[in-house]
Amino acid sequence: MSFDRYRKQTLFAPIGQAGQQAIASTRVLLVGCGALGSVIAESLTRAGIGLLKIVDRDFVDLSNLQRQVLFDEADVAAHRPKAIAAAERLGRINTQVQIQPHVADVTPDNILSLVHGCDLILDGTDNFETRFLINDAALETNTPWVSGGVLGASGQVFLVVPGQTACLRCLLAEQPPQTETCDTAGVLGPAVNIIASLQVMKALQWICRGDAPPNTKMTVVDAWEGSFQQIDLKPLKDQANCPACEHGERSWLRGERGNRSLILCGRNAVQISPAEPSSLDLQALAETWEPLGETRPNPFLLWFQPRDFPGLEIHLFRDGRAIIKGTEDLAHAKSIYARYLGN
Ligand SMILES: [Zn+2]
């Protein structure tokens, strides 16, 4: 494979030809392709990563376009799943990169098979539950991951290398309560771009490390103030006596924690997941629902606006999962789901 197109990158001494070779042979799992994920996916694709597996459970919404740089209004109009819209765009950016989109919620049931065959995981999620699940899966499979989080204009980034650096549970014993979310605090596009870029930087640094030890520093950014802080997490790892990375506890991976049905942050929407994934015939369902409201199927999901519930939009995925827009009432959303799809 010719690396000519990466000349500006290989000229950078810590990468060089050897680093480019390493980048081209690295397989990355990106969990979540929203704001952080868009920037991560684009940067890794342009940098010439070997394989990029993109998992996202959501479809493109108009309110995403303020910061989710891979998407446009045509994606919104078509109710296109983010993973699919991202893969189409990325495929036009760099045909040397293998892109694998997966329209799915990352759960204890599928995360190990998603991680399988990947060398590195990038966190593009917007919630702690999925991050703890990623942490468990990373420790279980001995796969490094790069965590990133952003709220308002602030955020933080760190690399987890199982056995060598602090893990998420060394930092946080429990899932913190969501006192503030992007729903209340908002989130700025430039802050997202900075945090995601730092995640990609840590990823490239890890891929091109050679014999160097992993970076154990968490970078904390306040993009509004323009301040950057580096906090070394190594002492934390040494003192934490961590249930996950020292004692092998995998509560999220075993499904003992976490909840599949949830309110989606800042979206006025709720996700409902069936206990068992199914394989729905969306076209047939669209015909069944035709008399009940407006239906618009695409190959990945069925958009349905029920006449009985004006203001609600149901986005039903093939695996039986639905995102119900127009409510943040979990019980109400579950009853709507049950009405059209059974329990
Ligand atoms: Zn730990």
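This short presentation walks through two regions of a predicted model.

Good morning. I shall begin with strand 1, which covers residues 27-31. Strand 1 is mostly covered, with four of its five residues buried. It has two partners that I wish to describe. With strand 2, residues 51-56, strand 1 pairs in the parallel sense over five bridges. With strand 4, residues 120-123, strand 1 also pairs in the parallel sense, here over four bridges. Leu-29 is a useful residue to find on your screens: it stands opposite Lys-53 in strand 2, and it stands opposite Ile-121 in strand 4.

What do strand 1, helix 3 and strand 2 make together? They form a right-handed β-α-β unit.

Let us turn to helix 3 itself, residues 35-47. Its length can be checked by simple reasoning. The expected span is 1.5 Å times one less than the number of residues. For the 13 residues of helix 3 this gives 18 Å, and the end C-alpha atoms are 19 Å apart, which agrees.

Is helix 3 largely enclosed or largely open? Ten of its 13 residues are buried, so helix 3 is largely enclosed by the rest of the structure. Among the buried residues are Leu-36, Val-39, Ile-40 and Leu-44, and the list also includes Gly-37 and Ser-38. Just after helix 3 comes Gly-48, which takes a positive phi of about 90 degrees.

I now move to the second region, an open sheet of six strands. Reading across this sheet, the order is 9-10-14-13-12-11, and the pairing is antiparallel. At the edges lie strand 9, residues 262-264, and strand 11, residues 293-297, each of which pairs on one side only. From one strand to the next, the twist averages 20 degrees.

Within the sheet, consider strand 12, residues 301-306, and strand 13, residues 313-317. These two run antiparallel and are joined by four bridges. Phe-304 stands opposite Ile-314 in strand 13.

Finally, which strands does helix 12 touch? Helix 12, residues 282-289, packs on the sheet and touches strand 11, strand 12 and strand 13. The direction of helix 12 makes about 165 degrees with that of strand 11. Helix 13, residues 330-341, lies across strand 9, strand 10, strand 13 and strand 14. It runs at about 55 degrees to strand 10, which comprises residues 269-272.

To close, I would ask you to locate two items in the model: the right-handed unit of strand 1, helix 3 and strand 2, and the open sheet of six strands. Thank you.

Conventions
Residues are numbered from 1 along each chain as its sequence is written. This is a predicted model: local features need pLDDT of at least 70, side-chain atom pairs count only at pLDDT 80 or more; totals for chains, interfaces and linings use all residues. Two strands pair if DSSP finds at least two bridges between them. Axes are lines fitted to C-alpha atoms, for helices over the stretch in contact, and angles run from 0 to 180 degrees between N-to-C directions. Two residues are in contact if their C-beta atoms, placed from the backbone, lie within 7 Å. A residue is buried if 20 or more other C-beta atoms lie within 10 Å of its own, exposed if 12 or fewer, and partly exposed in between; C-beta atoms are placed from the backbone. A crossover is right-handed if, with the strands pointing away from the viewer, the path from the first strand over the helix to the second runs clockwise.
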